[in-house]
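Welcome, and please bring your viewer along. We will go from one selection to the next, with a short stop at each.

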Amino acid sequence: MSRSTRREQEAKAELVASIARSQHALAHMLEQIAESTSFSDVTVKKLAENIRLLTQYQEVMSQMLTGISFNRVKEGAPAPVWLASIAGRETRPHGRR
């Protein structure tokens, strides 16, 4: 294994360890929030936004590391079901099931 390849592998391993530590810290923060009722709504919203940003940052690091893109969750009203227009109609040739 060449020296540069070895360094690259070590850097990737360190990045994976960093992401794992970050995930552990996020889980710990969420547990503390869940156990405490003394947080105001504003504080909870700020914490939620920070967690969302940290999660996006981790996602980008993971994508760079693996080269795999994750599907984005789309929020909003769903479109009508495209099969609804043909519901109840025969979609197969006659005589076949």
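Begin with charged pairs. What you have open is a predicted model, and a search of the whole structure finds four salt bridges in it. As a reminder, side chains of opposite charge can pair when their charged atoms come close.

**Stop 1: Lys12 and Glu8.** Select these two and show their side chains, which meet in a salt bridge with 3.5 Å from N to O. Both residues belong to helix α1, which covers residues 3–35, and they sit four residues apart, about one turn of the helix. An α-helix has 3.6 residues a turn, so residues three or four places apart point the same way. Are the two partners buried or exposed? Lys12 is partly exposed, at a relative accessible area of 30%, and Glu8 is also partly exposed, at 42%.

**Stop 2: Arg21 and Glu14.** Now pick Arg21, which forms a salt bridge with Glu14; their closest N and O atoms are 3.6 Å apart. Glu14 has 47% relative accessibility, so it counts as partly exposed.

**Stop 3: Arg52 and Glu49.** Move to helix α2, residues 41–66, where Arg52 and Glu49 lie three residues apart, about one turn of the helix. Their side chains meet in a salt bridge, at 2.5 Å from N to O. Arg52 is partly exposed, with a relative accessible area of 38%, and Glu49 is partly exposed too, with 35%.

**Stop 4: all of α2.** Select the helix from end to end. How far apart are its end C-alpha atoms? They are 37 Å apart, which agrees with the 38 Å that the 26 residues of α2 should span at 1.5 Å a residue. Next, color the buried residues of this helix: Ile51, Gln58, Glu59, Met61, Ser62 and Leu65. Which element do they pack against? The buried residues of α2 pack against α1. Before leaving, click on Gly67, just after α2, which takes a positive phi of about 80 degrees.

**Stop 5: Gln58.** Zoom in on this residue, which lies in helix α2. Its relative accessible area is 4%, so Gln58 is buried, the cut-off being under 20%. Which side chain does the side chain of Gln58 meet in a polar contact? It is that of Ser22, at 2.3 Å. Leaving aside residues up to four places away in sequence, Gln58 touches Ile19, Ser22, Gln23 and Leu26. Show these four as sticks to see the surroundings of Gln58.

**Stop 6: Ala13 and Leu65.** Return to helix α1 and select Ala13. With 47% relative accessibility, Ala13 counts as partly exposed. Now add Leu65, one of the buried residues of α2, and draw a distance between the two C-alpha atoms. Ala13 and Leu65 are 52 residues apart along the chain, and their C-alpha atoms are separated by 9.5 Å.

**Last stop: the whole chain.** Zoom out and show the secondary structure. How many helices and strands are there? The chain has two helices and zero strands. Switch on the surface next: the chain exposes about 8900 Å², and carbon and sulfur atoms supply 56% of that area. Of the 97 residues in the chain, 8% are buried, and Gln58 from Stop 5 is one of the buried residues.

Key
Residues are numbered from 1 along each chain as its sequence is written. This is a predicted model: local features need pLDDT of at least 70, side-chain atom pairs count only at pLDDT 80 or more; totals for chains, interfaces and linings use all residues. Side-chain values use heavy atoms; hydrogens and water are left out. Buried means under 20% relative accessible area, exposed over 50%, partly exposed in between (1.4 Å probe, protein chains only). Accessible areas come from the Shrake-Rupley method with a 1.4 Å probe; for residues, only the protein chains shown count as cover. The expected span of a helix is 1.5 Å times one less than its number of residues. Contact means heavy atoms within 4.5 Å. A polar contact is a pair of N or O atoms within 3.5 Å; within protein, one must be able to donate a hydrogen and the other to accept it, and residues adjacent in sequence count only if both atoms are side-chain atoms.
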